[in-house]
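Let's take a friendly walk through a structure, from the way its chains meet down to single residues. Have a look at the picture below before reading on.

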Amino acid sequence: MNAANYLYVSALLFTIGAIGVVVRRNAIVVFMCVELMLNASNLAFVTFARINGNLDGQVVAFFTMVVAACEVVVGLAIIVTIYRSRRSASVDDASLLKR
Amino acid sequence: MNWLTTLMALPLLGALVIAALPKSMSNKVKPVALATTLVVAGATIAMAVGFQRDNVDMQFVEVHSWIPSFGISYALGVDAIALVLILLSVLLAPIVVLAGWNEPNGGRWGVKTFYVLMLVLETMMIGVFAATDVFLFYVFFEAMLIPVYFLIGGYGTGERAAAAVKFLLYSLFGGLLMLVSIIALYVLSGEQGGHTFDTFALSHLKMSSMTENLLFLGFFIAFAIKAPVWPFHTWLPDAAAAATPGTSVLLLGVLDKVGTFGMIRYCLTLFPNATKTFTPVILTLAVISIIYGAFLAIGQKDIKRLIAFTSISHFGFITMGIFAMTSQGHSGATLYMFNHGFSTAALFLVAGWMISRRGSSKIADFGGLQRVTPVMAWTFFIAGMSSLALPGLSSFVSEFLVLVGTYTRYPVAAVIGTFGIVLAALYILIPVQKALHGPVTAGNEALTDLNLREKIAIAPVLAVIVALGFYPSPLLNVINPGAAHTIANAGFTDPLPQINGEVGK
Amino acid sequence: MTSQSLVYLVALPLFGSALLLLGGKRTNRWGHLFATAISASAFGVGLYQFSVMLGQPDSQRALTQKLFSWISVGTFQVDAGLMVDQLSICFVLLITGVGTLIHIYSIAYMSHDLDRRRFFAYLNFFIAAMLLLVLGDSYLNLYVGWEGVGLASYLLIGFWNQKPTYATAAKKAFVANRVGDMGLSLAIMIAFATLGTVSFAGVKEHAGQASTGALTAIGIMLLVAATGKSAQFPLQAWLGDAMAGPTPVSALIHAATMVTAGVYLITRSNFIFDAAPTAQLAVAIIGAITLLFGAVIGMAKDDIKKALAASTMSQIGYMVLGAGLGPAGYAFAIMHLLTHGFFKAGMFLGAGSVMHGMNDEVNMRRFGGLRKFMPITFATFGLGYLAIIGVPPFAGFYSKDKIIEVAFNAGGIKGITLGAAALLGAAITAFYMTRVVILTFAGNKRWDEKAHPHESPILMWAPMVLLAVGSVASGFLFTRGDALRNWLAPVVEPMPVHEAELMSPAVVSILALALVVVGVGLAIIKYFLSEVPVVAPTDVTVFTRAARRDLMQDDFNEAVFMRPGQAITRGLVKTDVAVIDGAVRAVARLARGSGNVLRTTQTGFVRSYAMWIFLGAVGLVAAIWMVTL
């Protein structure tokens with residue numbers, strides 16, 4: 001099977017994720033799209049590891065997973081806090097940093 | 001004994017004690033601050049007694065390696081000029097604390113913070129004059145801005161925040177230019193046998209005249225901003241007008257001297273050839289400062305801004321004396337730095353008392369104070385006389401030395417500078433007439449005269465002004481060998497009198 | 001040799017002044033007596049010093065006393081040193097003698113003033129500064145006294161400074177003096193740069209080696225200094241306004257002593273002027289101009305003090321003219337200075353006595369016929385009057401006629417011009433002084449019913465009597481056997497008397513007397529034989545109007561210096577804010593402006609940030625791809 005196909009899937013997933021981040025307002029969905037982008041890159045890393053025949057890509061994938069896990073912890077906590085305080089999970093409502 | 005480190009540690013210790021005082025003992029904050037400054041002053045005098053007058057090398061030297069990988073060391077030492085300026089700083093500190101007893105009230109932060117900042121500033125002031133490592137000097141030069149920034153911005157009046165920011169950014173800008181020059185020196189020293197920041201070692205560097213000129217400018221602009229020399233002066237009136245009188249005294253009396261001190265210690269020592277190249281330009285700027293500062297002072301309506309502009313005129317004299325490159329000019333300039341500290345302190349402190357009583361700093365709001373508050377009026381008058389360099393008061397000796405020293409080499413600059421003494425009469429006598437003379441105007445009838453604390457604070461200042469006017473030898477004898485050494489090092493000798501010159505031919 | 005007493009001359013009055021100023025109200029009760037005693041004891045020390053000098057041969061009379069090294073940097077060595085010689089001792093006796101008399105006079109004159117103690121403190125300070133001026137052994141020490149008397153004069157002119165015009169007069173005097181002081185500092189600088197020393201002895205010793213150009217420069221600068229202090233043209237404008245001070249001050253400072261300091265300076269520097277003929281000629285010309293200038297103003301003044309002030313200016317013009325005539329004239333300049341010190345101080349005290357009896361009225365048109373009410377004042381004033389117009393054998397006759405004579409004999413057109421000016425001045429002097437005497441003491445009474453003229457108390461008239469004695473006798477005593485000339489000879493080195501003179505003393509005296517008679521006669525016709533209006537007539541010639549306005553001196557200064565100066569100040573203040581600080585603020589605005597522009601990209605919307613990041617990443621990748629293509 002051609003390894004390049006995995007890369008196509010990865011690119012597709014990344015694009016879906018990126019569009020989702022830009023287009024959707026709900027913080028949870030945006031958050032999930034970010035996860036999707038991370039996992040897309042994970043897939044690409046693993047694929048390259050396979051193509052190049054070494055483990056570097058797999059190691060980076062592990063790092064990415066750790067980062068993603070941290071992000072989930074911090075990010076979800078923030079989202080929950082924002083939701084609690086303003087009864088909305090829309091990212092457009094939280095534009096207070098403008099000033 | 002590590003005199004200089006001890007001197008720098010004492011105010012910090014005092015600051016720690018103040019910071020640690022519990023709320024219940026908040027009435028002890030001011031006495032502790034005063035006691036600390038007095039102890040520092042006493043210790044400095046004890047150190048100065050041991051200063052060898054005829055030894056032109058650095059004394060009380062301390063060297064400890066600080067960041068060895070960059071060749072940076074914690075190196076301290078004083079020569080005559082540094083000693084005089086350190087003396088000036090530590091003598092003014094207790095006077096400022098005593099005179100401005102009520103200054104911190106009404107500040108953005110508490111009384112404690114005010115005195116902690118003051119004492120930290122005192123440490124920095126000693127450090128900046130005592131550092132013999134260029135990097136260490138730079139650290140103090142910049143770090144000094146921080147307490148002053150908070151003192152102006154937190155405890156001043158009027159547009160204090162804006163003035164503080166202007167002061168900080170202006171000084172920072174100059175400091176960064178100097179940093180570039182310092183790094184360049186460091187690189188050059190590495191190319192010529194070993195990285196170092198030691199002033200003495202750096203003074204032997206060889207460099208092309210282009211490099212020397214550029215590096216000189218980096219240092220000079222920083223010092224010209226600090227001093228301040230025209231046209232880098234506009235931060236000073238704003239800062240002086242916004243700061244509390246005590247802060248203004250330290251700002252004009254001590255901090256600005258870092259500029260003129262730096263010109264002697266760094267510009268002249270590190271870049272003798274560039275100094276020669278730029279002397280005509282700098283003398284021109286100095287002469288412009290003298291005349292321009294005087295005219296601007298005449299035109300001011302606010303008493304604090306007026307004093308600030310008189311200082312710009314005086315700094316013109318100091319700069320002129322330094323770059324005249326004669327022993328009279330040099331000794332005169334150094335003595336001028338000391339005398340100007342006291343004379344400005346007297347003016348600013350009395351002006352501060354007048355302003356706090358009247359609630360206004362406009363000269364036009366005062367009138368007839370001589371009838372209402374005779375002691376305050378007299379102290380202001382004597383301070384003014386000292387500012388216009390009346391013979392018999394200390395500033396006359398230094399001003400005349402500067403003029404006579406400049407005349408022997410640059411007669412035209414001296415002649416134009418002499419016009420400054422006529423303008424000085426105007427900028428002092430106009431406010432004296434408006435504020436002290438004439439009928440007592442509305443709002444001034446109930447002003448109270450100086451109280452005992454204020455009298456005790458101002459008395460030593462006036463005593464120094466009068467005593468050094470009649471008998472400047474104690475200071476001059478300390479300054480002379482050092483000044484002569486600087487001149488000789490920069491490759492100059494005093495011009496001979498014309499008659500000897502002709503006989504010699 | 002005892003020269004140790006010199007320091008007491010300066011220290012005593014300085015101590016007195018400091019004690020009274022620092023002592024405050026506690027010394028109110030006895031302050032005036034103490035100050036007078038101090039002044040008298042300084043006079044005593046002066047007399048003692050004089051007697052010591054008399055006992056010495058000519059060449060050993062000069063004494064110096066070094067106190068300590070004052071300023072010492074490199075070759076610039078100035079000691080705090082005092083020196084008394086034949087010239088200074090004349091001044092010491094004049095200052096302390098007249099000074100003491102005026103102290104005594106002031107006890108009564110100022111008795112109703114709340115600040116009498118402060119007044120006496122200032123007087124003592126003035127005595128100290130003036131003594132330092134004449135006793136300093138170098139130009140720099142002289143400078144200290146020079147500015148010291150300027151300060152004393154400022155304080156005393158502005159003694160009643162609650163009145164704004166008086167405060168302004170004080171400031172004007174100080175500033176005009178500072179212009180002169182600038183000349184003195186420049187002279188000292190040039191002297192040091194040229195000769196390497198600023199002590200009188202050193203300058204005198206080396207002056208011969210210096211170029212004429214340098215000496216001329218020093219001389220001109222010294223002349224500038226003298227014009228400031230001695231109210232000579234063109235720095236004369238302050239003296240009239242200085243009459244704002246209490247009358248004893250006008251007598252002591254602005255007639256007898258301080259204003260003559262310029263003459264002292266020129267005479268003291270004779271070794272410079274004798275070697276710089278151009279500067280010396282300038283001195284003589286300035287003197288001649290001023291003596292006419294002051295005399296013309298004196299003719300038009302109705303204020304008795306201002307008329308006397310104009311006369312002072314004119315008489316000092318005579319002294320400066322004398323000093324500008326070189327070795328032939330120095331001694332006569334000093335002689336006129338001393339005699340003038342007596343008669344002018346006496347007349348000022350007389351004017352004060354009149355004011356004292358007339359509720360401080362100064363307008364002579366409101367006096368008239370006072371001789372019956374104030375006989376002693378009239379008598380002493382009259383003796384002073386006879387002295388100033390030069391009637392023999394009164395003092396002015398000896399001193400003024402000698403100056404006129406020396407001027408004529410200076411040779412050539414210069415001599416004739418200067419002599420003619422001096423002679424004309426004598427005529428005008430006779431006219432305006434006669435006018436003063438007639439308006440004040442003769443004719444009908446023109447004062448209000450409210451005024452009750454009365455003779456002054458003894459404390460006031462006794463000093464006037466003593467000064468009148470001086471006005472009568474001093475000239476005769478000084479010229480007896482050329483006493484003063486011979487006494488001053490070691491200092492000023494007089495020339496041997498010319499064989500061929502243009503005018504002999506007798507001719508000059510007759511000419512001068514004839515002109516004096518003309519002047520007196522005209523004044524009698526105009527003011528004694530015709531009615532004097534109480535209000536000054538306004539339908540007068542343009543010359544009178546100009547003289548009343550002090551020959552436009554203030555208008556000139558205001559138009560040429562004051563208003564342009566104010567314009568420059570205003571302009572510079574605006575420039576500072578708009579241009580220099582404007583540039584600084586422009587930088588700040590630039591930083592803020594660019595921040596404002598960039599801020600618009602910060603919308604606060606997470607998704608737009610994400611969009612920008614995404615586009616940035618795409619752009620970056622595209623760029624890398626393009627580059628590697």
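UniProt positions are given here in the numbering used for this structure, feature names are shortened, and annotations may be inferred rather than shown by experiment. Keep in mind, too, that this is a predicted model.

With that settled, we can start with chain B. An unreviewed UniProt entry lists residues 131-423 of chain B as "domain: NADH:quinone oxidoreductase/Mrp antiporter transmembrane". In the model, that span is 81% helix and 0% strand, and its end C-alpha atoms lie 38 Å apart.

**How the chains meet**

Which two chains share the most contacts? Of the 2 pairs of chains that touch, chains B and C have the most. Chain A and chain B, on the other hand, do not touch. The table sets out the three pairs.

| Pair of chains | What the model shows |
|---|---|
| B and C | 47 residues of chain B in contact with 47 residues of chain C |
| C and A | 9 residues of chain C in contact with 9 residues of chain A |
| A and B | no contact; nearest C-alpha atoms 21 Å apart |

Now look at the side of chain B that touches chain C. Several elements give two or more residues to this side, including α12 (272-298), α14 (327-358) and α20 (473-489) of chain B. The one that gives the most is α18(B), with 10 residues. By class, this side of chain B has 28 nonpolar, 17 polar and 2 charged residues.

**A closer look at α18(B)**

Helix α18 of chain B covers residues 411-436. Why should its 26 residues span 38 Å? Each residue adds 1.5 Å, and the span is counted over one less than the number of residues, so the expected 38 Å agrees with the 38 Å between the end C-alpha atoms of the helix. There is still a bend of about 25° in α18(B), at B:Val422. Just after the helix, B:Gly438 takes a positive phi of about 75°.

**Over to chain C**

Chain C is assigned three domains: domain 1 (1-189 + 200-217 + 225-266), domain 2 (276-538) and domain 3 (557-628). The C-alpha centres of domain 1 and domain 3 of chain C are 60 Å apart.

Chain C also offers a hairpin to look at. Its strands, β1 (residues 63-73) and β2 (residues 76-84) of chain C, pair in the antiparallel sense over 9 bridges. One of the partnerships joins C:Lys66 to C:Gly81 in β2(C). Between the two strands there are 2 residues, and in this hairpin C:Gly74 takes a positive phi near 55°.

Technical notes:
Residues numbered from 1 in each chain as written. Chains lettered and ligands numbered in written order. Predicted model: local features only at pLDDT ≥ 70, side-chain atom pairs only at ≥ 80, totals over all residues. Domains from an automatic or database assignment. Pairing = 2+ DSSP bridges. Helix = DSSP H or I, 4+ residues; strand = E, 2+ residues; numbered from the N terminus. Bend = angle between axes of the 7 residues up to and from the residue. Contact = placed C-beta atoms within 7 Å. Nonpolar A, V, L, I, M, F, W, Y, C, P; charged D, E, K, R; others polar.
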